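User: I would like to go through the ligand site and the pocket of this model, with the criterion behind each term.

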Amino acid sequence: MLIQNASWIEKKNAESTVVPVFRRTFSCASPVRNACLEVTCDGVYEAVLNDRRVGRFILAPGWTEYRKRLQVQSYDVTELLQEDNTLDITVANGWYRRTNAPWTGTRNPDEFLPAMAIAALRLSYADGREEVILTDERWQVSESNVTLSGIFIGEDADMTRSLDFEPAKTCDYPKAMLIPQEGPEVHEQETVYPGRSFHTPKGEWVIDFGQNLTGYMAFELTARAGERLSISTAEVLDRDGNFYTANYRSARSQLHYICKDGHQAYRPRFTFFGFRYLRIDEAPEGFTADQIHAVVLHSEMTRTGWLESTDPMLNQLFSNTIWSQKGNYLDIPTDCPQRDERYGWTGDGQIFCRAATYQYDVRQFFRKWLADMRAAQHDNGWVPDVVPSLTAYKPGGAGWSDSVTIIPWQLYETYGDISFLADMYPAMEKWIAYIPTVSTTPDLWTGCWTYGDWLALDQPDDWVPADMEQAKRGYSDDDLVCSAFYANSVSIVIRAGEILGRDVSRYEDLYSRITAKFKATFGGKLNTQTEKVLALHFGLADDPQALADVLAEQIVACGTHLQTGLLGTPYLLHELSRYGHANLAWSLLLRKEYPGWLYSVSRSATTTWEHWDGIKPDGTFWSDDMNSYNHYAYASVADWVFGVACGIQPAAPGFARAVIAPKPDARLNGLSAILDTVHGRIRSAWKHMADGIRYEIDVPVAAEIILNGESRKVSPGKYVILVPDES
Ligand code: BGC
């Protein structure tokens, strides 16, 4: 890359919060055939050539394991060139210099770096000459109109400020970590207009977009210089209908804009917000709701999966799972897009991964994130709980660090692309080699830190947790949960190794020892729902059918509701339906009361919530602390709807062959799924008719269709089959 010849240039006053803009003016004396700009920064930048934005990448260069990998973007800027040119690169903090949330009590060393940019512009003239413009001391720097900016803060802009350029200083910052762009770019994806504008009981002026979304607000207005527009964001209103921001915790998440004279349009360029509501805290006289709109941001990815049913509430749930993916696939897979986290929590990443691969083509998205996971993995093999990693964090533990095995395996299953396994295999091996170095019991994973079955609802009423964190970890045995995930990761290493042609005999021996010891140690202690589900899902039960039957009884006995947390929930419906309890799985899916997937829908949710009772039946909140309304972990249920309710299963990696085995339920009239696989579109739909259930199945590959226990082998084609109602 040409950029390796350029020098980093830095902002003048490191203490100032004002975002710098670097400028280079140049002339092209003769016609230019092609012009290419390579650029990156230690923050997020916007490059503008002759007043026109370069490229469409918002929040470039994205978030990576910066000290090892910093993406460089290359843009074709031929069309933007003139004879006399001004190239501006504005560099804001972004993720680089505000990564640890204040509540972690620590700061990343990178936070103390000044804003810096590095760029190379190659001009290829029509007459064959080449000219290269590099960042160096010929560039200028000024404070920009953006006076404060941060991922959690939002943005302040003062359009009355005038720019005052002086020579920029070069600096000696490493370039070894510069890599070409790998991930899909984050783009502006769609526009959402205000649904209604109203005043709350407290008298706040609030605009409702009708959809919880991730992106930013954009507006147009005419004003006098110095007039202000201040906007706060919120996901929900409180019980009384007032604006509620406490769940953002320390994330200020506001926009403060000081107008210039005349007509103007603005959108924040260096941050994003998670919101459904905007509160207009201050506005120039005459400002109205129709002067503002919301712009949805997410990584570029093609939609591949669609679910539709005859039940509007279920359809809303399907829509919520899509919006939670859009809202949290912003350069990295985040836990939530609004409060002071927005981190790449590895556990959440793997929990939702299967559903994500069905809803969108996420190959490129994960390829980049998995490369960051490899870069973030410590030499001794531990995989951090968040990727890109933060200094404040620790090994992720069961179900979090195991994303290093689970995610590549899922990508291989959905897309049939062996390179995910090949790329990750050394990291997988390193991870399972790490566990015995910290475990207190050979062939199990015990005595270690873990997030447990995070947010489970299985604590006995009289249980007194040591602290809030313990309370959130549920009642499942940590050693059991860890050991189950250890077995699963080793099993993936074996399967992946076989596909890659490696000698896996030592892992097979290890796996036999783990399973035997697991059964001997925990077989009689599978108490909580999650303990049972994990033993079933990871093949660790002596008598799976009997265990599944007990699980089903346990669920019914506690009021037909789940008690599983982040680790148990994604597998729960799968295990119930696998062992003949599809009816119960459907009951859980269709449950409208807390805790159930349709409860949040009944509370007007437009994205999936972190907590089943984020808003309680009386309208109060579960808490201010851990209360995201855009968390995709429980949206993982979409993979059961595709894979079991509509029955679309891969019979070979990438759906090169398929099994279609839908499990309809009498409480739902009809359901349909479309899945665009790498081998073509699969469609599986069913509908209750007067004389039975009508199935419509399209398969682009050889498939086995299993309806009501009866199997038929079919060639690629479209099939309509009526199965008479047996009842
Ligand atoms: C996140 C979770 C995450 C967890 C770790 C939370 O703050 O939002 O989704 O996995 O921490 O337990």
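User: What makes the pair formed by the side chain of Arg339 and an oxygen atom of the ligand a polar contact?

Analyst: A polar contact is a pair of N or O atoms within 3.5 Å; within protein, one must be able to donate a hydrogen and the other to accept it, and residues adjacent in sequence count only if both atoms are side-chain atoms. An N or O atom in the side chain of Arg339 is 2.7 Å from an oxygen atom of the ligand, so the pair meets the 3.5 Å limit. Asp348 has a polar side-chain atom 2.5 Å from a ligand oxygen, and for His631 the distance is 2.9 Å. The model is predicted: local features need pLDDT of at least 70, side-chain atom pairs count only at pLDDT 80 or more, and totals for chains, interfaces and linings use all residues. Residues are numbered from 1 along each chain as its sequence is written, and side-chain values use heavy atoms, with hydrogens and water left out.

User: Which residues surround the ligand?

Analyst: Among them are Asp335, Glu341, Trp345, Trp400 and Tyr451, where near means that a heavy atom of the residue lies within 4 Å.

User: Why is the largest pocket said to lie between domain 3 and domain 4?

Analyst: Both domain 3 (302-645) and domain 4 (653-723), with bounds from an automatic or database domain assignment, give residues to its lining, so the largest pocket lies between them. Its lining has 35 residues, with Arg354, Glu413, His537, His574 and Arg578 nearest its centre.

Note on methods. 1 Å grid on protein atoms, 1.4 Å probe; cavity = no way out; pocket = protein on both sides within 12 Å on 5 of 7 lines; lining within 4 Å.
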